[in-house]
Each structure stands twice: as structure tokens, then as C-alpha cells.
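Visitor: I'd like a close look at one helix here and at what surrounds it. Could you walk me through that part, and then show me how it fits with the rest?

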Amino acid sequence: MDRKYGFGIIGTGAIATMHARGIQELPHAELIGVFNHRAAKAQAFAETHQTKAYARLEQLLADPLIDVICICTPSGAHLEPALAAVAAGKHCLIEKPLEITSARCLDIIQAAQQRGVQVSTIFPTRFHPAALKVKEALQQGKFGDLVLGNAYVKWSRPAAYYQSASWRGTWALDGGGALMNQGIHALDLLLWYMGPVSSVHALSANRKHKEIEVEDTIVAQMKFQSGALGTIECTTAAYIGSPKTIEIIGTKGRVSLEEDHLTSWDFEDQSHKNAKELQSGGKTEKSGHEDPMAIGHWGHRRQIENFLHALDNGEAADIAGEEGAKAVHIIEAIYQSARQGKTVVL
């Protein structure tokens with residue numbers, strides 16, 4: 001790269017820590033500082049990560065050493081800091097979801113376009129080697145015609161998880177439950193692999209976490225524009241959680257991706273590498289199916305590196321704002337279907 005990029009972080013939770021670690025492991029990135037409305041939290045975060053705590057957001061955004069802002073606030077509180085950062089001429093890396101409605105996503109995207117800065121949504125699972133291998137096989141036509149695309153996020157979360165922050169489990173700031181918060185990564189992969197969705201039909205329930213506003217369990221059927229069909233199943237109410245799983249099935253091949261580990265890899269074209277060869281090196285990331293704190297920052301680091309490469313070359317990032325908004329659009333349709341009890345055509 002031609003230069004080193006300075007980063008500022010808004011937010012101090014576990015996700016902000018992933019960003020900080022990813023930034024500090026890259027030679028062309030430097031963590032300049034952090035802001036949180038609670039000064040004590042910002043100071044503690046700054047001491048842990050050997051950076052500067054800013055007393056006011058305006059000070060962070062005015063720092064000429066900062067090129068990129070990482071927004072790690074609650075999901076429904078991304079819009080306001082994003083617009084402020086964009087107005088200050090800063091590029092933005094925004095944690096998933098980009099925002100909790102399509103309209104709020106569009107506000108961010110349009111503001112960035114008008115200001116001439118880049119916005120990217122964090123979907124780190126796209127950067128895992130096994131996930132990239134599946135995408136490569138799809139691009140090479142190894143699957144033939146796509147038949148089914150399924151995603152399963154059957155996780156366990158205790159009541160303490162939702163009680164740990166007042167925004168969790170609320171429509172206003174979480175934007176939804178098991179699908180919007182936990183399942184969105186799997187849905188993003190499914191859309192990346194299977195292409196646009198033409199219709200959805202969903203059912204939702206609250207099976208364990210009765211104290212939250214949003215669903216803890218949801219199932220949706222999808223029809224893709226290609227004619228293929230699919231499902232996504234998400235829950236945080238499972239007694240014992242299991243790793244996130246993606247299945248892609250075509251007329252000439254099928255794969256199963258468990259977190260970032262290929263558990264099946266079968267193609268009519270036998271010249272393609274087998275699953276054991278592709279799994280050399282083992283897993284690169286821990287799963288959050290039982291404990292959200294178990295998720296590592298490896299994928300974040302890869303995505304930050306990709307973002308800087310795009311900035312350095314004057315290109316669009318692989319997961320630009322428009323790309324990140326796609327999952328939010330589908331989630332809105334799934335929630336609408338679950339509320340209305342009918343198929344929603346997109």
C-alpha cells in the first residue's frame with residue numbers, strides 16, 4: 001500500500017474490540033482514537049488498546065489523522081454517527097447491519113455518494129477461505145443449475161445476554177431478533193451465493209426469551225430469481241447451540257459449510273479438489289453458537305485489509321454499502337411476511 005490509514009472507533013463494546021485488534025494487526029493501519037458518550041468507557045478502552053479517548057464526537061471527526069471511522073454502536077444507532085462521519089469526509093466501516101431499515105441504509109449510502117467517501121458493511125464471514133472457495137466454485141459453474149440454498153443458525157443465548165444492554169431485544173435499536181442480529185451473516189452468505197430473492201414466506205415465534213420485544217425463533221422460505229428455492233432457520237432459544245451451517249445444492253454439485261469449515265464438497269466434475277484438501281490448515285475462527293464472546297476477529301482484519309486496498313486503488317470495497325443493504329431489505333420482507341402471515345413479493 002502507498003500509505004498508512006488512521007482509524008477512529010465509535011463505540012467500546014465487544015465488537016469495537018474486534019475492530020481494534022484487526023486494525024492494530026495491520027501494518028498499513030493505525031488506531032488513532034475512540035469515542036463513547038460515556039467518557040469512562042472510552043478511557044478504559046483507550047487504555048486497553050493504547051490509543052486516545054476523545055471527549056466529544058466532534059473532536060474525533062475533526063482529527064486530520066483519522067481517515068476511516070469504524071461505527072460499532074447498537075444496530076439502530078448507526079445512521080446518526082455515520083452521517084456525521086461522512087459529512088466530515090471520513091470513510092466508514094459500519095458493523096452489521098448497515099442499519100435496521102432499508103430507508104436508513106439508503107440515507108447512509110446516498111450521503112456517502114454525495115460526499116465522495118466509501119462506506120462498507122462488516123460481513124467478515126465472506127472473507128474466510130472456505131467461504132471464498134464456495135463462491136469460486138459457483139462462479140466457475142461447478143454446481144450446474146442451483147436447486148436449494150439453506151442456512152441454519154441454531155444458537156443458544158441466556159437471558160443474561162439480552163439483559164446485558166438495554167438496546168438488546170428491542171425493535172428500535174436491535175432492529176429484530178435472531179434473524180437481524182445472529183442470522184444476518186448467514187443470510188448475507190446465502191444471498192452472495194444464490195443471488196437475488198423474488199419472494200419470501202415466514203413464521204416467527206418467541207419460544208424462550210419472553211421478556212424481549214423481538215423474535216427468538218424464525219423460519220423463512222425463499223424463492224430466488226434464478227428459480228432455486230431456499231430456507232433460513234434462526235433461533236437463540238436452542239438448549240445447546242450448533243455451528244452456523246450453509247448448504248448449497250445444484251444439479252451438478254453440493255457443499256456444506258459449517259462456520260468456516262467445509263463438511264461436504266461433492267461435484268460431478270471430479271477434477272475439483274476434495275473437501276480434505278480444501279480444509280488444510282484447519283479452522284480460522286471460533287464459533288459464537290454458545291458464546292458471543294468466542295467469536296474471533298480474524299475475519300474483521302481481513303475485511304479491514306480489503307477496505308484499505310480498495311481505498312488505496314480508488315476502487316469500491318467488496319462489501320460496499322449497497323451490498324450490505326441487501327440483507328436488510330430481505331430481513332424487512334421476512335418480518336413483514338411473519339407479521340402478515342402471507343408471502344411477500346420483492
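Guide: Let's start on the outward side of helix α2: the face turned away from the buried side carries Ala40, Glu47 and Thr48, which are exposed. Please keep in mind that this is a predicted model. The helix spans residues 39-48, and its buried residues are Ala42, Phe45 and Ala46. Looking down the axis of α2, you will find these buried residues within an arc of 100°, so they line one face of the helix. The spacing fits a familiar rule: an α-helix has 3.6 residues a turn, so residues three or four places apart point the same way.

What does the buried side of α2 meet? Its buried residues pack against β1 (5-10), α1 (14-24), β2 (29-35) and β3 (52-53). After the helix comes Gln50, with a positive phi near 50°.

The strands β1, β2 and β3 lead us to a sheet. They belong to an open sheet of six strands, ordered β3-β2-β1-β4-β5-β6 and paired in parallel. At its edges stand β3 and β6 (119-121); each has a single partner strand, so one side of each is left without a neighbour in the sheet. Further along, β4 (residues 68-71) and β5 (residues 91-94) run parallel and are joined by four bridges. Val68, for instance, has His91 in β5 as its bridge partner.

For a companion to α2, try helix α6, residues 129-139. Its buried residues are Ala130, Ala131, Val134, Lys135, Ala137 and Leu138. They cover an arc of only 160° around the axis, which puts them on the same side of α6. The partners of these buried residues are β7 (146-154), α8, β11 (245-250), β12 (253-258) and β13 (261-267). Gly141 follows α6, and its phi is positive, near 75°.

Val134 also takes us to the largest nonpolar core, which has 49 residues; Val134 is one of those with the most contacts inside it, a group that also includes Tyr193, Met222 and Ile334. Helix α8 (residues 178-194) supplies the largest share of this core, 12 residues. Leaving aside residues up to four places away in sequence, Ile334 touches Leu179, Val200, Ala202, Ile218, Ala220 and Ile232. Another core, of 26 residues, lies apart from this one, and among its members are Ala82, Val86, Val117 and Ala325. Such groupings match a general tendency: in soluble globular proteins, nonpolar side chains tend to be buried together.

Methods: Residues are numbered from 1 along each chain as its sequence is written. This is a predicted model: local features need pLDDT of at least 70, side-chain atom pairs count only at pLDDT 80 or more; totals for chains, interfaces and linings use all residues. Side-chain values use heavy atoms; hydrogens and water are left out. Buried means under 20% relative accessible area, exposed over 50%, partly exposed in between (1.4 Å probe, protein chains only). Helices (H or I, at least four residues) and strands (E, at least two) are DSSP runs, numbered from the N terminus. The arc is that of the directions from the helix axis to the C-beta atoms. Contact means heavy atoms within 4.5 Å. A nonpolar core is a set of buried Ala, Val, Leu, Ile, Met, Phe, Trp, Tyr and Cys residues joined through side-chain atoms within 4.5 Å. Two strands pair if DSSP finds at least two bridges between them.
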